[in-house]
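Please load the model in a viewer and keep the sequence panel open. The stops below are given in the order in which they are best selected.

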Amino acid sequence: MEKILSLNNIIWRRNGDTILNDISFEVNKGEQWAVLGLNGAGKTSLLDIIMGYNYPTAGSASVIGTEFGRASLPDMRKRIGYVSSSLDKFHETLNRETGLNIVLSGKFSSFGIYQDIDEASKERAEKVLQDLNLSHLMDRTYNTFSQGERRRVLIGRALMGNPELLILDEPCSGLDIRAREDVLKIVNKIPEEERHLFYVTHHIEELTGSITHVLLIKDGGIVAAGPKEEVLTGTLLSETYKTPVKVYFENERPWLVIDDVEGNND
Ligand SMILES: Nc1ncnc2c1ncn2[C@@H]1O[C@H](COP(=O)(O)OP(=O)(O)OP(=O)(O)O)[C@@H](O)[C@H]1O
């Protein structure tokens with residue numbers, strides 16, 4: 001079966017600390033993954049390995065058919081869309097850009113438009129905005145967008161490059177409940193477009209129906225990796241979060257409650 005991601009015994013050490021410890025898992029074509037783990041568990045470090053920003057101390061990785069050390073990372077990165085709060089540092093550059101230009105810039109992996117734009121690219125950017133119900137932001141500048149609109153436009157920017165893999169690192173952090181649902185509607189549609197999601201979050205209720213598999217990380221190691229129904233159990237999540245929790249599903253979405261072992265919930 002064709003592999004989207006394959007990580008084999010990845011170890012990443014920094015300053016004597018083992019940040020990622022023997023990480024192995026595979027993402028097959030058609031699977032949509034979410035990644036859960038406490039602050040400091042190693043989620044961002046793992047994304048940096050996948051993107052080739054960090055090189056593993058040991059182990060091997062292949063990302064959408066590109067084996068690290070054997071192929072061009074810039075070419076590989078062109079096939080990956082990446083939205084993370086680390087993009088916030090580009091706000092000053094983005095502030096003066098229109099929604100249309102921000103989406104268009106995804107084609108060039110830049111944050112501004114420094115090239116001549118062909119009509120086909122412009123039409124595609126307009127279509128991306130339209131599909132995300134963001135046409136009203138086409139000619140407005142980023143500094144006038146709400147936080148939720150900013151996240152959605154940045155997802156649009158990531159989609160502009162037609163990526164096979166879309167990595168979303170806490171795309172709903174800081175959003176209110178309505179803005180979060182607007183982002184999740186977009187996320188839920190992504191697999192229909194034959195793309196693969198790798199979705200990092202602290203909130204399991206963001207795992208909408210489109211997510212098929214879950215990776216649980218604790219202290220740089222894997223607690224579990226596999227189909228959502230097998231992994232999202234109270235036992236495995238309690239271990240991952242070092243807190244007793246229970247999981248229940250409503251409308252196909254998982255929710256967490258703290259499992260009050262003292263019985264004070266009654
Ligand atoms: N370049 C580095 N040098 C040394 N330690 C690092 C480096 N990058 C990350 N770490 C450490 O590795 C651990 C994992 O960090 P990472 O950012 O991957 O966690 P995370 O799961 O993404 O956390 P959060 O949910 O808070 O974003 C932390 O203890 C962090 O301090």
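Begin with helix α1, residues 43-50, in this predicted model. Select K43, L46, L47, I49 and I50: these residues of α1 are buried. Now turn the view so that it looks down the axis of α1; the buried residues fall within an arc of 155°, so they line one face of the helix. Just past the helix, select G52, which follows α1 and has a positive phi, near 80°.

Next, display the ligand. Which residues surround the ligand? The selection to make is R14, N15, D17, I19, G37, N39, G40, A41, G42, K43, T44 and S45. Two elements, β2 (17-28) and α1, each give two or more residues to this shell. The helix already on display, α1, gives the most, with three residues. K43 thus appears twice on the tour, as a buried residue of α1 and as a member of the ligand shell. Colouring the shell by residue class shows two nonpolar, seven polar and three charged residues.

Move on to strand β8, residues 196-200. Five of its five residues are buried, so the strand is largely enclosed by the rest of the structure. With side chains shown, H196, F198 and V200 point one way from β8, while L197 and Y199 point the other way.

Add the strands that pair with β8. Strand β3, residues 33-36, is parallel to β8 and is joined to it over three bridges. Select A34 to find the residue that stands opposite Y199 of β8. Strand β7, residues 165-169, also runs parallel to β8, and five bridges join these two strands. Within this pairing, L166 has L197 of β8 as its bridge partner.

Finally, zoom out and colour the protein chain by its domain assignment, which gives domain 1 as 1-79 + 163-232 and domain 2 as 88-162. How far apart do the C-alpha centres of domain 1 and domain 2 lie? The separation is 24 Å. The contact between the domains takes 10 residues from domain 1 and 11 residues from domain 2. On the side of domain 1 that touches domain 2, select helix α7, residues 177-189: the largest share, four residues, comes from this helix. By class, that side of domain 1 has seven nonpolar, one polar and two charged residues.

Notes: Residues numbered from 1 in each chain as written. Predicted model: local features only at pLDDT ≥ 70, side-chain atom pairs only at ≥ 80, totals over all residues. Buried ≥ 20, exposed ≤ 12 C-beta atoms within 10 Å, placed from the backbone. Arc of directions from axis to C-beta. Near = placed C-beta within 6 Å. Nonpolar A, V, L, I, M, F, W, Y, C, P; charged D, E, K, R; others polar. Pairing = 2+ DSSP bridges. Domains from an automatic or database assignment. Contact = placed C-beta atoms within 7 Å.
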